[in-house]
Amino acid sequence: MKKLFYTMIFLLLSVAPLWGAAAKIEVFPSAPYARYIIYESLAIFWLFIISLIVIIKLKLREIARTQKLGINREAAPIPQLE
Amino acid sequence: MKIDYSLITRRRFLNTLFGGWLTAFSAGALYAVGKFAFPTLGKEPDFVVLKAADYMNLAPNTTKLFAWGGKPGIFFRKADGAILAIKGVCTHMECNVTYKPAERKFYCACHQGWFDENGQNIKGPPPKPLEIFVHTIEGDKLIVARKGVKVELPKA
Amino acid sequence: MNFRRLKNWFTDRYDFSDLVKLAQSKTVPVHSGDFLYYTGGMILFLIGLQFITGMILAFYYVPHPDFAHKSIVEIVTKLHLGWFFRSFHHWGAQLTLLFLFIHLFGTLLVKSYRKPREFIWFTGFILLGILIFFGLSGYLLLWDERALAGVKVATGGVKALPLVGTFLMAFLRGGVDVTGETLTRFYAFHVAVLPLVTLFLIGLHVLLVQYHGMSIPLREEKNNPASIPFFPNVFYHDLIVWLLLLGVTVTLAVFFPPEIGIKADPLAPTPENIKPEWYFLFVFQTLKLFPGEILGLNGEVIAILLIVTAMGLLFLLPLFDKKSSRGEASPLFTWISVGYIAYIVTMTIVGYLS
């Protein structure tokens, strides 16, 4: 991950000394190598999110299982000796 | 090899997996935010290019300031005529120094530090001499660079 | 990591048991319309993200007419991931407003505004206005010619209100025209005034929801739907929805970064074919429908008055809908709601296509 970000930084900085500014302001890095890194990071990001969602679904399944077993039910009041 | 009991409870496994992944995810996001929030602009340059004509006609024992990033650079013609380009920043706590022609010394007002004509720290708290730059003339340009930096002018 | 000891450190000093009981008692009903329950949380999440991205963008943005445009260009071209955070802030704003409208239309149709939840409706409606103003003020900060023209039109419309119009417009613009003063003022609104007001109103809005509990649509009420606990079940469902929302926002930010137009010049002529942002289109289209003069009165004034009245009636809707307050079916107001929604949606589409 670190390498990706550092390469992106390097590319962004190397674009800086452009004599005679471009007529169209670049709102997105134009160098093809930078674009590739960005799309790849996006794919990895989505993988992260999907796996996190899968883990949450696993947790929910477990919660449903334990709730069906009755973990939430209040215990009957135990008669006290007083 | 099958074991009769589980080494870890379902709860512990799931919570660790969830917590760990969430930490990794947040760390990545925070890294991106941090990289953006921490400034990179305003770093000190490795060299600056100046107009030679402005600086070469100084009277002896006078100085002229030039910009070194956000800090002052001092272009100095000594009393004996030799030229020195130094960073006008005190090596103690980074206050700006000034030249006092009467005493032929550089003075830092913050903690009364003194440097001689050659940038050597002679009195007060500064631990090191002032940083000295290498200066060259190329045509009509005066190039002041940090020692050891290879100057490559961009193709204008 | 010994969580038990950490927990004991706190419980030795503070008694959380009441809070824990309160949190565990929160339940969410399960029925066919319960997907609407998620819209509020999504808006909250998006607003949180907007606060964060807005704060870091504010580190670099310069709110002066001579430097505003340049500072944004620098953010986008020179800083690490600057383009991304600006794009994300833009798309976060668009999605917040989109889900705001969905939330509004949803609660309108299922009548969750009915007794006893009228104040939730009122605070929510004010929040809608505030968040739209967030959008408008943020839009001007780019200080390109489109933004300048858009804000001129939007604030100019206010002048048509009788009595208070000119005063209100001068307050918003910081003068008679849209100038650098307007930029400073809108910046103050966008980063200081509006966030504080929003935090207060959202706090009130959410607190009232906790107090009253989740509303159940009238036709579901008789079925007496079962409930599931919020912690942990619905909380995790919320988290999944939020993660997907984050993914969608990031993807939109990467694939469709917003343009930066040329720097605004208050003296230059208005560019052709300018249109306001999509959430203003229905107002814009409505204004276009009215002729310049009706019966000797200024057409624009009448149009603005009608729009303000319509919004005012919508704001006060819970007070008019007596039947649903009693818990009875209220088909008249369902049709009124459908009318409002259909009008807004149609006018927005027409405005977009023309």
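I take two strands as paired if DSSP finds at least two bridges between them. Helices (H or I, at least four residues) and strands (E, at least two) are DSSP runs, numbered from the N terminus.

**Entry: ground rules**

I am working on a predicted model, where local features need pLDDT of at least 70, side-chain atom pairs count only at pLDDT 80 or more, and totals for chains, interfaces and linings use all residues. Residues are numbered from 1 along each chain as its sequence is written, and chains are lettered from A and ligands numbered from 1 in the order in which they are written.

**Entry: chain B, hairpins**

I started with E2(B) and E3(B). Strand E2 covers residues 62–68 and strand E3 residues 71–77, and 7 bridges pair them in the antiparallel sense. Thr62(B) has Arg77(B) as its bridge partner in E3(B). The two strands make a hairpin with 2 residues between them. In that turn, Gly69(B) has a positive phi of about 65°.

I then followed E3(B) onward. Its antiparallel pairing with strand E4 (residues 83–87) of chain B runs over 5 bridges. Here Phe76(B) has Leu84(B) in E4(B) as its bridge partner. This hairpin has 5 residues between the strands, and Gly81(B) in the turn shows a positive phi of about 100°.

**Entry: chain B, strand E10**

Which strands pair with E10(B)? I found antiparallel pairing with strand E9 (residues 132–138) over 5 bridges. Strand E1 (residues 47–51) is also joined to E10(B), by 5 bridges, and runs antiparallel. On the E1(B) side, Phe47(B) has Ala145(B) as bridge partner. On the E9(B) side, Ile137(B) stands opposite Leu142(B). E9(B) and E10(B) form a hairpin with 2 residues between the strands, where Gly139(B) takes a positive phi near 70°.

I checked the faces of E10(B), residues 141–145. Leu142(B) and Val144(B) make up the covered face. Lys141(B), Ile143(B) and Ala145(B) make up the uncovered one. In a regular strand the side chains alternate between the two faces of the sheet.

**Entry: chain B as a whole**

I count 2 helices and 10 strands in chain B. From the N terminus, the order of elements is α-β-α-β-β-β-β-β-β-β-β-β. An automatic or database domain assignment supplies the domain bounds. Chain B is divided into domain 1 (1–38) and domain 2 (47–145). Their centres, taken over C-alpha atoms, are separated by 55 Å.

I looked up the radius of gyration next (over C-alpha atoms; the globule rule is 2.2 Å times the number of residues to the power 0.38). Chain B has 27 Å, but a compact globule of 156 residues would be near 15 Å. Along the principal axes, its C-alpha atoms fill a box of roughly 90 × 45 × 30 Å.

I call a residue buried if 20 or more other C-beta atoms lie within 10 Å of its own, exposed if 12 or fewer, and partly exposed in between, with C-beta atoms placed from the backbone. Buried residues are 15% of the 156 in chain B. Two residues are in contact if their C-beta atoms, placed from the backbone, lie within 7 Å. Of the contacts in chain B between residues at least 6 apart in sequence, 38% join residues at least 24 apart.

**Entry: chain C as a whole**

I count 16 helices and 4 strands in chain C. Its radius of gyration is 23 Å, close to the 20 Å from the globule rule for 354 residues, so chain C is as compact as a globular protein of that length. The C-alpha trace spans about 65 × 55 × 35 Å along its principal axes. Of the 354 residues, 32% count as buried. Among contacts with a separation of 6 or more, 79% are between residues 24 or more positions apart.

**Entry: helix H6 of chain C**

I tested the length of H6(C), residues 118–140. The expected span is 1.5 Å times one less than the number of residues. For these 23 residues that should be 33 Å, and the end C-alpha atoms are 34 Å apart, which agrees. Its buried residues include Trp121(C), Leu127(C), Phe134(C) and Tyr139(C). What do the buried residues of H6(C) pack against? I find helix H5 (82–110), helix H7 (145–158), helix H9 (180–212) and helix H14 (317–320) of chain C.

**Entry: where chain C touches its neighbours**

I find 21 residues of chain C in contact with 19 residues of chain A. Helix H4 (68–78) and helix H11 (230–255) of chain C each supply at least two residues of that side. H11(C) gives the most, with 11 residues. I class Ala, Val, Leu, Ile, Met, Phe, Trp, Tyr, Cys and Pro as nonpolar, Asp, Glu, Lys and Arg as charged, and the others, Gly among them, as polar. The side of chain C that touches chain A then has 14 nonpolar, 5 polar and 2 charged residues.

With chain B, 8 residues of chain C are in contact with 7 residues. That side of chain C divides into 5 nonpolar, 2 polar and 1 charged.
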